[in-house]
Amino acid sequence: MDLEDPEPVFSATSDLDGDRLTVTVQGEVDMATADSMYQAATRVAADALTLDLRQVSFFDSAAIHALIQLIDRYPQALTVLPSRQVRRVLEVSGLGEQPWLATA
């Protein structure tokens, strides 16, 4: 019987609705998956981006770096929907009061 924890699941799916791209991310965003999150958000040309992180259980410095790149790409047109864990990491990193971070 294998008692090890299963591999963390990561997925990033995209949905384009008009000029707004929504990327829904699940699982852990870390050094191994942050680029996949970024790529999902930049594969399709869009004027605005909603990054739905409500199902993210872990978010590290590589994830923050990818997020900063997305902020640069969508300076006035980014909305981030954080999970409790993501909100906590962004608050600790000094990014908790940004206008692109949804409050609820």
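1. Let's start with Phe-10, which sits in the segment before β1. This is a predicted model, so read what follows with that in mind. Phe-10 comes out as partly exposed, at 24% relative accessibility; the buried label needs a value under 20%.

2. What does Phe-10 touch, leaving aside residues up to four places away in sequence? The list is Val-25, Gln-26, Glu-28, Val-29, Thr-33, Ser-36 and Met-37. One of these, Met-37, turns up again among the buried residues of α1. Another pair to check on screen is Phe-10 and Gln-55: they are 45 residues apart along the chain, and their C-alpha atoms are separated by 9.9 Å.

3. Now to α1, which spans 34–42. Which of its residues are buried? They are Ala-34, Met-37, Tyr-38, Ala-40, Ala-41 and Thr-42. As for partners, the buried residues of α1 pack against three strands, β1 (11–17), β2 (20–29) and β3, and also against α2 (61–73).

4. Strand β3 covers 48–59, and Asp-52 is one of its residues. Is Asp-52 buried or exposed? Buried: its relative accessibility is 8%, and the cut-off for that label is under 20%. Not counting residues up to four places away in sequence, Asp-52 has contacts with Val-23, Thr-24, Val-25 and Leu-81. Val-25 is worth clicking on, as it is in the contact list of Asp-52 and also in that of Phe-10.

5. On salt bridges, the count comes to one. It joins the side chains of Asp-52 and Arg-54, with an N to O distance of 2.6 Å. In general, side chains of opposite charge can pair when their charged atoms come close. Here the two ends are set differently: Asp-52 is buried at 8% relative accessible area, whereas Arg-54 is exposed at 52%.

6. Last, the acidic surface. Which residues form the negative surface patch? Asp-15, Asp-17, Asp-19 and Asp-47 do. Asp-47 lies in the loop between α1 and β3. With a relative accessible area of 55%, Asp-47 counts as exposed, because that label is given over 50%. Asp-52 is not in the patch list; patch members need over 30% relative accessible area and no salt bridge, and Asp-52 has a relative accessible area of 8% and a salt bridge to Arg-54.

Definitions and conventions:
Residues are numbered from 1 along each chain as its sequence is written. This is a predicted model: local features need pLDDT of at least 70, side-chain atom pairs count only at pLDDT 80 or more; totals for chains, interfaces and linings use all residues. Side-chain values use heavy atoms; hydrogens and water are left out. Patches are made of residues with over 30% relative accessible area and no salt bridge: like charges are joined within 9 Å, nonpolar side chains (Val, Leu, Ile, Met, Phe, Trp, Tyr) within 5 Å. Accessible areas come from the Shrake-Rupley method with a 1.4 Å probe; for residues, only the protein chains shown count as cover. A salt bridge is a side-chain nitrogen of Lys or Arg within 4 Å of a carboxyl oxygen of Asp or Glu. Lys and Arg count as positive and Asp and Glu as negative; His and the chain ends are not counted. The place of a charge is taken as NZ of Lys, CZ of Arg, CG of Asp or CD of Glu. Helices (H or I, at least four residues) and strands (E, at least two) are DSSP runs, numbered from the N terminus. Buried means under 20% relative accessible area, exposed over 50%, partly exposed in between (1.4 Å probe, protein chains only). Contact means heavy atoms within 4.5 Å.
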